[in-house]
Structures are given as C-alpha cells and as structure tokens.
Amino acid sequence: MKNKTVKVGRNDPCPCGSERKYKKCCLGRSTFKPKNLKALYAKKYKIKLKQPKDVEGIRQAGRLALDTLDLIESEIRPGITTDDINSVAHKFTLKNGAIPAPLNYRGFPKSVCVSVNEIICHGIPGERILQDGDIVNIDVTPILNGYYADASKTFFVGKPGSEAQKIVRVARNSLSRGISMVNPGNTIGDIGWVIQKYAESKGCSVVREFVGHGVGFDFHEPPQVPHFGRKGEGIKLVPGMVFTIEPMVNLGEKDLVILDDQWTAITKDRSLSAQFEQTILVTEQGFESLTPYDL
C-alpha cells in the first residue's frame, strides 16, 4: 500500500489539532511541533503519540503477528479444532520471546480469538471442529519487548461457497478503504464513513458494538475507531497516532448476541461475519501499516 497525502487549505483547521486555522498555525513549517502536539493530544484525548523508537517496537511486534498468522494459515484445514489453532499460536508466540496479550486479559482464557462463521469476534478456542466451507477469523496480539501489535485475517477452510467468498471479499475491501482515509488532517469519522458506505453498498452491515482502538503501549488505548460514522466528524488524525482498523462486517443484519461465556459475539440472524485488521501509524505523509499484508 502506498502512502497517501492530503492538501490542507489555508482556512482549514490545522492538522496538528490546535483547533486554529492552518494559516495561523503550522502553515510554512516543515513539520508539526512534536512536543506541543504530544502534550495536546495527551491532555485533550488521552492519546499517547508514538515516537520513532516506539514505532519500531510496535513494528517488530507487528512482524511477529504476521508470522503467527502465516503459520496458522498453513495449518488451517477441515478436521482441526479451534483449540489446535490456539496451541499453534501460543507456542509460536512464546518461542519468539513474546507474550500473547489475550491470555487472561479480563478473564479471556486463551491466547488468540478464533471466530468461525456466525461468530463476529472473541471466539474462545475449544473443541469446535472446522468444516469444509467454513470461514474463520484469527485475531492475534503479541506483546514483544513491551510493545503490542494487533492484526487479524479471515481464512477459508477448504472450498468456500459463494456467500463465504462475498463476505470475506467485502470485509477485506472494507479495511482497505478505511486505511485509505488515514492522512494527517482527516478525522476518525472519515474512516468509519467510508467503511460503512462501502459495506452497505454491497448489501452487508457493519457491527456497531466493537470498534478499532489505539494500541502500542497497551492492548487497548484511546482513541476508539468506529467503523461507521459521518465524514469530517471526530478527532483529527495527526502524526504519531497508532490505532487499529478492524471492521466486522455481517452478511445479514448488524445486530449481535453475546453468548453465556460473556465473550463470544455472534450475529443475531446467524449470518456469516468476517473481519480483517491491521495496526496503522499516522505519518506526516499519510500512513504506514505496522502489520502490513496485501488487501
């Protein structure tokens, strides 16, 4: 993915987040003032902007997340259990000197989330056996040297049917479109707006209850990043912000049910649901994915 740039008009709000006009703030400066911007976003939004050393730490954790997903993909086939997937991820994470962030997080009992078919997210690995034609989302978050990176993909199990192909395609494209809106001066609302507009144009729906989030120093940080919304609304994006974009897209209606385990979220109408997720850095030129894979 290529970085994108955005033109800011003289009378537009300054991308640094000062709420002043661009011409009276950062116009003419080659870069924003990182110390001022860092203090402003910490005070106003509780957002911790990342410095270059932090970005590199998250990037390394991101490489491990992608390696974990690649390994899991090589193991996915009809007949294995979702707990088999958990075991592969858990062992690989520890082998590489990292810690699986989901394990024991607010009581979650496993090292990855494995969500099959109608499960939207937070599927707890167990005895469920993958069947030919299933789709399965794997969500991994390693902690490496104190830094977190978060990524997920939805995979086909065996030969997918037409509905499975559709929902996976729409979810993948939804993430791509969301990422394309990441530029200094754009807003969080721009991300959700473009995702919702695209997914609904394909006859699908976007889950409201679960959103993207800041990440890097902790598993979940400000800001929240909804995958629906209005263009131009929300916090302005500035360099140093790191957050996930992870649209959960349903083939049917957006409504969900939480199972008795208090974690597993499923579609209320039992339609298929798919998700793709990457950890994104806002740069001065546009964006960088810290968990990059082709979309």
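Which residues of helix 5 are buried? In this predicted model, they are Ile 188, Gly 189, Asp 190, Ile 191, Gly 192, Val 194, Ile 195, Gln 196, Tyr 198 and Ala 199. The close-up views below begin with this helix.

**View 1. Helix 5 and its surroundings.** Helix 5 covers residues 188-201, and 10 of its 14 residues are buried, so the helix is largely enclosed by the rest of the structure. The buried residues pack against helix 4 (162-180) and against four strands: strand 8 (205-206), strand 10 (221-225), strand 11 (242-245) and strand 12 (248-250).

**View 2. Helix 5 from end to end.** Here is a quick check on the geometry of the helix. At 1.5 Å a residue, the 14 residues of helix 5 should span 20 Å, and the end C-alpha atoms are indeed 20 Å apart, which agrees. After helix 5 comes Gly 203, a residue with a positive phi, near 80 degrees.

**View 3. The largest pocket.** This pocket has a volume of about 580 Å³. It is lined by 29 residues, and those closest to its centre are Tyr 105, His 122, Phe 210, His 213 and His 220. If you are curious about the chemistry of the lining, its residues divide into 12 nonpolar, 10 polar and 7 charged.

**View 4. Strands along the largest pocket.** At least two lining residues come from each of strand 2 (113-116), strand 4 (135-140), strand 9 (212-214) and strand 10. Strand 10 gives the most, with 3 residues. Strand 10 also appears in View 1, among the elements that the buried residues of helix 5 pack against.

**View 5. The largest cavity.** A search of the whole structure turns up 1 cavity of 30 Å³ or more. The largest cavity has a volume of about 50 Å³. Its lining is made up of Thr 68, Ala 89, Thr 93, Pro 100, Ser 111, Val 112, Val 140, Thr 141 and Pro 142. By class, that gives 5 nonpolar and 4 polar residues, with no charged ones.

**View 6. Thr 267 and its contacts.** Thr 267 sits in strand 14 (residues 265-267). Is Thr 267 buried or exposed? With a relative accessible area of 0%, Thr 267 falls under the 20% limit and is therefore buried. Beyond its neighbours within four places in sequence, Thr 267 is in contact with Glu 118, Ile 120, Asn 250, Asp 255, Leu 256 and Ser 273. The Thr 267 side chain also reaches the backbone oxygen of Ser 271, at 2.7 Å. Val 207 lies 60 residues away along the chain, yet its C-alpha atom is separated from that of Thr 267 by 9.2 Å.

Methods: Residues are numbered from 1 along each chain as its sequence is written. This is a predicted model: local features need pLDDT of at least 70, side-chain atom pairs count only at pLDDT 80 or more; totals for chains, interfaces and linings use all residues. Side-chain values use heavy atoms; hydrogens and water are left out. The expected span of a helix is 1.5 Å times one less than its number of residues. Buried means under 20% relative accessible area, exposed over 50%, partly exposed in between (1.4 Å probe, protein chains only). Contact means heavy atoms within 4.5 Å. On a 1 Å grid over the protein atoms alone, a cavity is a set of points where a 1.4 Å probe fits but cannot get out, and a pocket is an open set with protein on both sides within 12 Å along at least five of seven lines; lining residues have an atom within 4 Å of a point. Grid points are joined across faces, edges and corners, and a volume is the space filled by probe spheres set on the points. Ala, Val, Leu, Ile, Met, Phe, Trp, Tyr, Cys and Pro count as nonpolar, Asp, Glu, Lys and Arg as charged, and the others, Gly among them, as polar. A polar contact is a pair of N or O atoms within 3.5 Å; within protein, one must be able to donate a hydrogen and the other to accept it, and residues adjacent in sequence count only if both atoms are side-chain atoms.
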